[in-house]
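Please walk me through this protein chain, beginning with its overall make-up and then going on to its interior and its hollow spaces.

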Amino acid sequence: MDALIFVVCVFLFTFTICLVAGIAFRWLLYPLLVGFSARILFLFLDYFGLFSPPGAEGDAVNFTLYARRWSQGSWADVFSTFDYSASYLYSSIGAVFFKLVGFNELVLPSLNILAGVVGILLVGKMAYDLWGKKASIISAYIMALFPFAIFNSVISLREELSIVMFLMGTFLFLKWIAGRGSIWIFGAFGFFAVAIMIHPGWLGAMIGVAIYLGFFAAKTLYSGLRGGRTTRASASKMLSAIMLFSAALLIVAGSGGITLAKGITIGGEDEGGTEDLIESRFQRDPRGGSAYPGFIATGNPYAQPWLIPARVVYFVYSPFPWDLRSPRQLMGVAAALMYAFLSWRLYKGWHLVKRKEECIALMCMTGALIFIFAIGVTNIGTAIRHRTKFLGILTLLAASSFDKLKIRLRRH
């Protein structure tokens, strides 16, 4: 198949998903079409050199170069490049598509656009299940129009593919929490595993999942020991939780060390204690044109306990006005304002969030991701890229108060 024909087919398939999903969930039709159109626009702006999204000239070029080079060998050569612990697994996936359809610069971005649209649909559907139609519409528009979510979708980065795999796992995981059957959690862990293989940073979210599973199992056991009423469904959920929690621990322990964001490693025989690991993340000088200020990036987190919460604040809400060094960095302000808005809406809906079992799980996942990436990242540009990973699950939590959101347009 010619590569350009393949790209057109992917675009048509993505548009069909928008229409079919719009028929099934009518309130999501416009957000899906807006998200698809915005991605097509920025794809061609980048293709014709009119606007270059962040990452387009660095990692995206390297991923594409590796994929093209590997696709020129035999099928055996292509499959020999698959290394599930390497950062270039995305290039191996790209090499398979280049081998099948031929090379075109738009092949991988077109697949990322498909992943981005599916991500909008998943977040919109989960928000509807949790909070209703209005929350679903606003959540879908956030996913459709957030600039850095669009940028991830239109260049050859592994972020978008890993995000949609993780969101699919989250969708199934929430079904398990809602009591729809134990089978859902096994499907969820399958998608989580694929997300981790594409981008190991997602193991941070799995730590949050493990925390929730441990909490759920302990709560159910405690209730049973105190003579509380334990249903068959609860017992089944507890057993599946214990099983998968144990499996996750075995995978980490036997992995020989799984590298997360920016050098943070879990497992392995040579690993130091947790205190040494955290301290080492504060001993490197920040690099790059958008590096954190030195007083945030370096120091002793135990002698200066404010450093860890300061890193968390910088990771989630930077850049601040004093961090801006070029007009291009103003794009990061849009990201900072969005996360400030989502945090505010989460605060407004906290009384609802803390009562929902699904939201407790989402909080564990979000908290673990934020902590791990905040400790490992010392560059604002890198922080913006990584925090886009949890935009979907943070939006689901913030959506708890979207029904109270009012937009007033005054006539003068």
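The paragraphs below go from the whole chain to its core, and then to a pocket and a cavity.

The model shown here is a predicted one, and its secondary structure comes to 20 helices and 2 strands. Of the 412 residues in the chain, 50% are buried, while the surface that the chain exposes amounts to about 19300 Å², with carbon and sulfur atoms supplying 64% of that area. When we consider the contacts in the chain with a separation of 6 or more, we find that 71% of them are between residues 24 or more positions apart.

Turning to the interior, we find that the largest nonpolar core has 112 residues, and that the members touching the most other members are Phe173, Phe192, Tyr292, Phe315 and Leu391. Helix H6, which covers residues 107-131, provides the largest share of this core with 16 residues. One of the core residues just named, Leu391, is worth following further: if its neighbours within four places in sequence are left aside, Leu391 is in contact with Ile142, Met143, Phe146, Ala149, Met338, Tyr339 and Leu342.

Leu391 also belongs to helix H20, where it is buried together with residues including Gly392, Ile393 and Leu394. Because 8 of the 8 residues of helix H20 (residues 391-398) are buried, this helix is largely enclosed by the rest of the structure.

What, then, of the spaces between the atoms? The second largest pocket has a volume of about 510 Å³, and among the 21 residues that line this pocket, Pro54, Phe148, Ser290, Gly381 and Thr382 lie nearest its centre. Two or more lining residues come from each of helix H8 (147-154), helix H16 (331-348) and helix H19 (380-387), and H19 gives the most, with 5 residues. Sorted by class, the lining of the second largest pocket has 9 nonpolar, 8 polar and 4 charged residues.

The structure also holds 1 cavity of 30 Å³ or more, and the largest cavity contains about 90 Å³ of space. Its lining is made of 13 residues, with Arg39, Met143, Ala149, Glu160 and Ile163 nearest the centre. The elements that give two or more residues to this lining are H6, helix H9 (159-177) and H20, and the lining residues of the largest cavity divide into 6 nonpolar, 4 polar and 3 charged. Two names return here, since Met143 and Ala149, which lie among the residues nearest the centre of the largest cavity, are also in contact with Leu391.

Terms used:
Residues are numbered from 1 along each chain as its sequence is written. This is a predicted model: local features need pLDDT of at least 70, side-chain atom pairs count only at pLDDT 80 or more; totals for chains, interfaces and linings use all residues. Side-chain values use heavy atoms; hydrogens and water are left out. Helices (H or I, at least four residues) and strands (E, at least two) are DSSP runs, numbered from the N terminus. Buried means under 20% relative accessible area, exposed over 50%, partly exposed in between (1.4 Å probe, protein chains only). Contact means heavy atoms within 4.5 Å. Accessible areas come from the Shrake-Rupley method with a 1.4 Å probe; for residues, only the protein chains shown count as cover. On a 1 Å grid over the protein atoms alone, a cavity is a set of points where a 1.4 Å probe fits but cannot get out, and a pocket is an open set with protein on both sides within 12 Å along at least five of seven lines; lining residues have an atom within 4 Å of a point. Grid points are joined across faces, edges and corners, and a volume is the space filled by probe spheres set on the points. Ala, Val, Leu, Ile, Met, Phe, Trp, Tyr, Cys and Pro count as nonpolar, Asp, Glu, Lys and Arg as charged, and the others, Gly among them, as polar. A nonpolar core is a set of buried Ala, Val, Leu, Ile, Met, Phe, Trp, Tyr and Cys residues joined through side-chain atoms within 4.5 Å.
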